[in-house]
Amino acid sequence: MNTLSVRETFALGFMVFALFLGAGNIIFPPFIGLQAGSHVWTAAAGFLMTGVGLPVLSVIALAKAGGDMGNIISPVGKIAGNMLIVACYLFIGPLFASPRTATVSYELGMAAYTGQAGNALYFYSFVYFAIAALVSFFPGRLLESVGQILAPLKIISLIVLGSAVMLLPAVPLQVPVAGYVAAPLSSGIVNGYLTMDTLAGLAFGLVVVNAVRARGMTSPAHVTRYTIRAGIIAGVGLALVYLSLFMLGMKSTALAPAAANGADVLRAFVQHVFGNRGTLFLGVLITLACLVTAIGLTCSCAAYFSTVTPFGYRTLVLFFAALSFTISCAGLDTLIRISVPVLIAVYPPFIMLIVMSFVRHRLSQPVRIIAPATAMAFLCGLFDGLEAAGLERFVPAVYSALPLHGQQMAWLFPAGIVLLLSFSASRFSRAALAAS
């Protein structure tokens with residue numbers, strides 16, 4: 001079999017879309033729409049750059065690397081590369097992201113019915129991760145279970161929500177607040193950056209590649225081609241969802257004037273449009289969004305660690321599902337407080353490696369050029385992580401004075417300088433060698 005049908009290709013794209021679109025992705029845009037006001041579309045442009053562009057790039061990069069993240073990480077060396085890969089899978093998998101999907105879906109869905117019942121989260125998470133493990137047992141059937149069943153259900157729910165947004169009359173745009181007054185573009189970029197979907201793309205990329213191979217595609221060229229198509233379909237879907245959610249936030253200024261986050265905006269809108277049944281609708285939507293993401297993370301982690309440990313895939317699925325369940329019992333607030341600084345610290349080096357993977361074949365000495373810049377990005381990421389953890393006293397004053405520091409993007413300047421210097425040194429050494 002050398003081709004996928006149009007239906008199978010779109011099912012693959014819907015699967016990627018469903019894997020990416022978790023609860024956090026649904027919550028961020030409405031709050032941006034509410035706060036950005038008349039600057040909303042500038043902020044939206046920034047969000048789409050990092051919330052859609054970078055994740056799609058990460059999927060494409062992994063496809064071009066043959067589904068092996070090691071090919072993307074290789075310029076930093078074997079030891080550092082393996083550490084980054086393990087960190088990526090663990091941080092966006094059982095340690096942080098996967099447990100958070102359960103706690104977020106619980107808070108926005110079941111919590112409205114269970115109130116403050118002490119054991120409700122434990123029971124919910126147990127059932128939640130049992131379902132995730134059951135579906136993850138059959139990775140070769142993800143295209144059917146996720147791409148053709150769960151993803152369409154999620155898409156239908158989002159279409160209902162988006163249609164409700166379009167039917168509401170337009171409202172006057174409000175005055176921007178917070179960081180959207182002076183820097184709406186960079187504020188939007190940061191919010192997209194903090195979705196952490198770029199890291200997820202590296203993990204999901206392996207799931208997508210395996211799903212393509214499970215359909216009989218054995219040629220690397222065919223695997224790459226259909227993975228890229230799936231990534232583009234998912235990117236378009238994400239952009240459309242985000243745009244409708246930005247509009248939802250814009251039209252909710254009178255519905256949620258004191259909203260503290262996107263969840264408050266979403267709740268107020270759904271309650272206004274759908275009434276008491278809105279809570280149930282929101283719970284189903286968020287649970288579907290989170291569950292699909294949890295399945296993708298579980299499959300990805302189990303698939304990778306089954307290649308580097310003596311344990312089988314299904315054993316690891318059970319282990320990671322159990323670990324995610326255990327950590328989810330800590331609750332949403334604790335998970336966010338611990339995870340955000342860690343994820344902020346590891347994000348910059350991955351961005352550098354993903355972007356450079358598209359040009360490394362044009363470099364005569366890729367290791368000498370990419371490794372120093374990635375090391376600088378990692379160092380700066382550590383500084384950003386320390387600040388996010390409230391440990392500013394350990395951050396050098398010179399770093400705090402860099403451009404874009406307030407947006408947690410100050411790493412771009414020093415990493416870019418090191419990249420330029422490394423490239424110049426490589427060209428100079430090559431020219432000197434040729435002259436001798």
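**Charges, fold and one buried serine**

Trainee: How far apart do the centres of the positive and negative side chains lie?
Mentor: This is a predicted model. Its chain has 21 positive side chains and 10 negative ones. Each set has its own centre, and the distance between the two centres is 13 Å.

Trainee: How many helices and how many strands does the chain have?
Mentor: Look for strands, and the count is 0. Now count helices along the chain. The result is 18 helices and 0 strands.

Trainee: Which radius of gyration does the chain have, and what would a compact globule have?
Mentor: Start from the length, 436 residues. A compact globule with that many residues would have a radius near 22 Å. The chain agrees with this, at 22 Å.

Trainee: What share of the contacts with a separation of 6 or more joins residues 24 or more positions apart?
Mentor: Take the contacts in the chain with a separation of 6 or more. Then keep those between residues 24 or more positions apart. That share is 79%.

Trainee: Is Ser300 buried or exposed?
Mentor: Ser300 sits in helix 13, which covers residues 277-308. Its relative accessibility is 0%. Buried means under 20%. Therefore Ser300 counts as buried.

Trainee: Which residues does Ser300 touch, leaving out those up to four places away in sequence?
Mentor: Set aside the sequence neighbours up to four places away. The residues that Ser300 then touches are Tyr89, Ala203, Phe204 and Val207.

Trainee: What percentage of the chain's residues count as buried?
Mentor: Ser300 is one buried residue. Now take the 436 residues of the chain. The buried share is 55%.

Conventions:
Residues are numbered from 1 along each chain as its sequence is written. This is a predicted model: local features need pLDDT of at least 70, side-chain atom pairs count only at pLDDT 80 or more; totals for chains, interfaces and linings use all residues. Side-chain values use heavy atoms; hydrogens and water are left out. Helices (H or I, at least four residues) and strands (E, at least two) are DSSP runs, numbered from the N terminus. The radius of gyration is taken over C-alpha atoms; the globule rule is 2.2 Å times the number of residues to the power 0.38. Buried means under 20% relative accessible area, exposed over 50%, partly exposed in between (1.4 Å probe, protein chains only). Contact means heavy atoms within 4.5 Å. Lys and Arg count as positive and Asp and Glu as negative; His and the chain ends are not counted. The place of a charge is taken as NZ of Lys, CZ of Arg, CG of Asp or CD of Glu.
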